[in-house]
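Please look through the structure shown here together with its sequence, and follow the account below from one buried residue outward to the wider fold.

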Amino acid sequence: MTWDGVVRLRGESLDALAARLGGRVLAGGRMAPGRIVPVAHARDGDLAPVLSGRFVKEAGEAARRGAALLVDAAIADRVGRGDALWVHEHATWAMAGVLDAAEVPDAPAAVGAGCVIAPSAVLGPRVVVGARVRIGEGAVIGNPGFGWATGPGGAVRAVPQLGGVVIEDDVSIGPLCTVDAGTLAPTRVRRGAKLDAHVHVGHNGDLGEGCILAAQVGLAGSVSLGRGVLVGGQAGIADHVTVGDGARIAAKSGVIGDVPAGAVVAGYPAVARARWLRGLARLYRGLLPPE
């Protein structure tokens with residue numbers, strides 16, 4: 001069985017979910033969602049978590065498509081009521097409880113034609129590998145992403161990472177890389193991307209076609225790279241950052257905000273490379289004695 005990337009639920013109504021996990025159902029309590037999906041793709045019959053203000057606009061669109069929303073109480077006043085709304089003080093914790101009871105097949109990895117995969121590489125469940133892919137020694141693809149949620153009374157629980165990984169055709173993944181499974185949908189490494197050794201791709205990442213990442217690059221969760229992005233060695237990119245097509249990130253940079261298409265950035269926090277170099281020049285002139 002090949003993983004289709006859809007996390008299906010057991011048919012509990014919103015009222016039943018709230019009775020089990022807490023929170024308040026403000027509308028549509030009898031609705032029983034059949035799937036839990038990212039808010040951008042949610043439609044009629046789906047449950048979509050809305051955990052941050054960055055998703056408020058998408059939440060409104062999902063509600064108009066008929067989706068039920070699980071909304072963090074901190075942003076509930078920014079989200080329209082809709083036809084089905086469950087508000088929770090610890091929405092990520094509640095989402096984890098929903099995922100604990102999800103119906104997810106333990107589908108083995110599916111590998112396409114012409115692949116070269118080292119015997120010591122590990123491919124987890126719900127991993128789909130395209131054609132002509134190379135995966136080096138000790139790489140781990142599809143391990144659960146680093147997700148934890150704090151609930152009532154400070155209790156901490158793991159957020160199940162059920163979305164798997166999709167590696168498209170002609171990708172190269174070097175030794176000792178890790179590509180974490182997505183939470184609700186697959187982490188994706190798109191056609192022709194190249195990862196050097198020791199690269200980490202966090203859960204829900206999306207690497208565009210033809211990206212090239214040098215050794216020891218680290219991408220936090222939900223990072224999106226456009227087509228043809230180049231990332232120098234040991235650079236780090238913070239969670240939920242989007243890097244536009246053709247951008248270049250210098251080695252050892254720390255990227256904490258979105259990078260426009262075609263930009264060249266460097267430093268920590270990363271800024272336009274020319275600005276970073278000018279700043280270094282001024283710093284050295286001010287702090288170092290003349291030789």
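Aspartate 72 has a relative accessible area of 16% and is therefore buried, the cut-off for that word being under 20%. The model under discussion is a predicted one, and in it aspartate 72 is found in strand S5. Leaving out residues up to four places away in sequence, aspartate 72 touches Val50, Leu51, His88, Glu89 and Ala91. One of these, leucine 51, is 21 residues apart from aspartate 72 in sequence, while the two C-alpha atoms are 5.3 Å apart in space.

Strand S5, which spans 68–72, also leads to helix H2, since the buried residues of that helix pack against strand S4 (46–50) and against S5. Helix H2 covers residues 56–64, and within it Val56, Ala59, Ala62 and Ala63 are buried. Viewed down the axis of H2, these buried residues fall within an arc of 115°, so they line one face of the helix. The exposed residues Lys57 and Arg64 are carried on the face of H2 that is turned away from the buried side. Just after the helix, glycine 66 adopts a positive phi of about 100°.

A further buried polar residue can be considered alongside aspartate 72. Serine 13 is located in the loop between strand S1 (7–8) and helix H1 (14–21), and it counts as buried because its relative accessible area is 18%. When its neighbours within four places in sequence are set aside, serine 13 is in contact with Gly29, Arg30, Met31 and Ala32.

The nonpolar interior comes next. In soluble globular proteins, nonpolar side chains tend to be buried together. Here the largest nonpolar core has 37 residues, and those that touch the most other members are Ile167, Ile173, Leu213, Leu219, Leu225, Ile237 and Val243. Strand S10 (127–129) and strand S15 (165–167) are the elements that give two or more residues to this core. Apart from it lies another core, of 27 residues, which includes Val7, Leu21, Leu70 and Trp93. To return to the largest core, isoleucine 173 touches Arg134, Ile135, Gly136, Ala139, Ile141, Ile167, Val179 and Leu195, once residues up to four places away in sequence are not counted.

The two strands that contribute to the largest core are also followed by loops with a backbone feature to inspect. Arginine 132, in the loop between S10 and strand S11 (134–135), has a positive phi of about 60° although it is not a glycine. Its relative accessible area of 45% makes arginine 132 partly exposed. Aspartate 170, in the loop between S15 and strand S16 (172–173), likewise has a positive phi of about 60° without being a glycine, and with a relative accessible area of 26% aspartate 170 is partly exposed.

Another backbone feature is found in the loop between strand S30 (264–266) and strand S31 (271–272), where proline 269 lies. The peptide bond that runs from tyrosine 268 to proline 269 is cis, with omega near -10°.

Nonpolar side chains are found on the surface too, where Phe146, Trp148 and Val156 form a patch with about 410 Å² of accessible area together. Valine 156 belongs to strand S14 (residues 156–158), and because its relative accessibility is 54%, valine 156 counts as exposed.

Notes. Residues are numbered from 1 along each chain as its sequence is written. This is a predicted model: local features need pLDDT of at least 70, side-chain atom pairs count only at pLDDT 80 or more; totals for chains, interfaces and linings use all residues. Side-chain values use heavy atoms; hydrogens and water are left out. Buried means under 20% relative accessible area, exposed over 50%, partly exposed in between (1.4 Å probe, protein chains only). Helices (H or I, at least four residues) and strands (E, at least two) are DSSP runs, numbered from the N terminus. The arc is that of the directions from the helix axis to the C-beta atoms. Contact means heavy atoms within 4.5 Å. Patches are made of residues with over 30% relative accessible area and no salt bridge: like charges are joined within 9 Å, nonpolar side chains (Val, Leu, Ile, Met, Phe, Trp, Tyr) within 5 Å. Accessible areas come from the Shrake-Rupley method with a 1.4 Å probe; for residues, only the protein chains shown count as cover. A salt bridge is a side-chain nitrogen of Lys or Arg within 4 Å of a carboxyl oxygen of Asp or Glu. A nonpolar core is a set of buried Ala, Val, Leu, Ile, Met, Phe, Trp, Tyr and Cys residues joined through side-chain atoms within 4.5 Å.
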